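Reader: I have a sequence and a model on my screen. Walk me through the fold and its packing, please.

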Amino acid sequence: MSDNLEQSFVKQLKENQNIIHKICRLYTNSQDAHNDLFQEITIQLWKAFPKFRGDSKFSTWAYRVALNTAITLYRKSTRSVSTVIYEGQYHFISQEEYNFEEEEQIKLMYKAVQQLNDIEKALVFLYLEDKDYAEISETLGISEVNARVKMNRIKGKLKKILNP
């Protein structure tokens, strides 16, 4: 891989790493699992980066790769992530500290969202990231109508979870 491609990847990853942290938080329950999933998503992004054509924004593409990685790993395992040893350029990317001691409302919301299935989690995540239904449908590979219908059902589920 060329140095230019590598520099572009590192720059994009640094600018978008909070996306990955949020997905890791959604699909994991501990700091170790979070770190493992973050590393695995970074590896998958790195492997796929040469194929990134720029048809969509890097962030949209990163959402898709990260969500697919998280969902695939958790469907294959019993909620534990096994990572690949990768001695490539990962060490050039400094991981920002991620604070798990957030306010109580956010913790409750994440706890509720974690009770949803994998696709519902992804949809809620993108919705909470202020993505419009066009971008949600593109990222998840479903129609806009389907995304809207699913989101309305999920809102009902979350209300029941949060207000039993």
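Author: What follows is a set of short questions and answers on a predicted model.

Reader: How many helices and strands does the protein have?
Author: The elements run α-α-α-α-α-α-α from the N terminus on. The secondary structure comes to 7 helices and 0 strands.

Reader: What share of the residues counts as buried?
Author: Buried means under 20% relative accessible area. The protein has 164 residues. The share of them that counts as buried is 41%.

Reader: What part of the exposed area comes from carbon and sulfur atoms?
Author: The protein exposes about 9600 Å². Carbon and sulfur atoms supply 48% of it.

Reader: Among contacts between residues at least 6 apart in sequence, what share joins residues at least 24 apart?
Author: A contact means heavy atoms within 4.5 Å. Among contacts between residues at least 6 apart, the share that joins residues at least 24 apart is 73%.

Reader: What kind of aromatic pair do Phe 9 and Trp 46 form?
Author: Rings pair if their centres lie within 6.5 Å, and planes over 60 degrees apart count as edge-to-face. The model has 10 aromatic pairs by this rule. For Phe 9 and Trp 46, the centres are 4.9 Å apart and the planes are at 65 degrees. The pair is edge-to-face.

Reader: Which helices does that pair of Phe 9 and Trp 46 link?
Author: Phe 9 and Trp 46 are both buried. They are 37 residues apart, so to speak of distant parts of the chain is fair. Phe 9 is in helix H1 (residues 3–27) and Trp 46 is in helix H2 (residues 31–48).

Reader: Why is the pair of Phe 58 and Trp 61 called tilted?
Author: Planes under 30 degrees apart count as stacked and those over 60 as edge-to-face, with the rest tilted. The ring centres of Phe 58 and Trp 61 are 5.4 Å apart. Their planes are at 55 degrees, so the pair is tilted.

Reader: How far apart are Phe 58 and Trp 61 in helix H3?
Author: Phe 58 is buried, at 6% relative accessible area. Trp 61 is buried too, at 10%. In helix H3 (residues 58–76) the two are 3 residues apart, which means a separation of about one helical turn.

Reader: Which residues form one aromatic cluster?
Author: Both pairs described above belong to it. The members are Phe 9, Trp 46, Phe 49, Phe 52, Phe 58 and Trp 61.

Reader: Is Ala 48 buried or exposed?
Author: Ala 48 sits in helix H2. Its C-alpha is 9.9 Å from that of Ala 62, which is 14 residues away in sequence. The cut-off for buried is under 20%. At 19% relative accessibility, Ala 48 counts as buried.

Reader: How are H6 and H7 oriented to each other?
Author: Helix H6 (residues 133–140) and helix H7 (residues 144–162) pack with their axes 8 Å apart. The angle is about 100 degrees. Angles of 65 to 115 degrees count as roughly perpendicular. So H6 and H7 are roughly perpendicular.

Reader: Which residues of H6 and H7 make the contact?
Author: The residues divide into 5 nonpolar, 1 polar and 2 charged. H6 gives Tyr 133, Ala 134, Ile 136 and Ser 137. H7 gives Glu 144, Ala 147, Arg 148 and Met 151.

Reader: Which residues does Thr 139 touch?
Author: Thr 139 is found in helix H6. It is buried, with a relative accessible area of 6%. Not counting residues up to four places away in sequence, Thr 139 touches Thr 60, Tyr 63, Arg 64, Leu 67 and Leu 126.

Reader: What is the phi of Asp 130?
Author: Asp 130 lies in the loop between helix H5 (118–128) and H6. At 72% relative accessibility, Asp 130 counts as exposed. Although Asp 130 is not a glycine, its phi is positive, at about 65 degrees.

Reader: How do the residues of the contact of H5 with H7 divide?
Author: H5 and H7 pack with their axes 10 Å apart, at about 95 degrees. They are therefore roughly perpendicular. Among the residues that meet are Leu 123 and Tyr 127 in H5 and Met 151 and Ile 154 in H7. The contact divides into 7 nonpolar, no polar and 4 charged.

Reader: Which residues is Tyr 127 in contact with?
Author: Tyr 127, in helix H5, is partly exposed at 30% relative accessible area. Its C-alpha is 8.3 Å from that of Met 151, 24 residues apart along the chain. Leaving aside neighbours within four places in sequence, Tyr 127 is in contact with Tyr 133, Ile 136, Met 151 and Lys 155.

Key:
Residues numbered from 1 in each chain as written. Predicted model: local features only at pLDDT ≥ 70, side-chain atom pairs only at ≥ 80, totals over all residues. Heavy atoms only, no water. Phe/Tyr/Trp six-rings, centres within 6.5 Å; stacked < 30°, edge-to-face > 60°. Helix = DSSP H or I, 4+ residues; strand = E, 2+ residues; numbered from the N terminus. Buried < 20%, exposed > 50% of the residue type's maximum accessible area, 1.4 Å probe, protein only. Areas by Shrake-Rupley, 256 points an atom, 1.4 Å probe, with all protein chains shown as cover. Axes fitted to C-alpha atoms, helices over the stretch in contact; angles between N-to-C directions. Parallel < 35°, antiparallel > 145°, perpendicular 65-115°, else oblique. Nonpolar A, V, L, I, M, F, W, Y, C, P; charged D, E, K, R; others polar.
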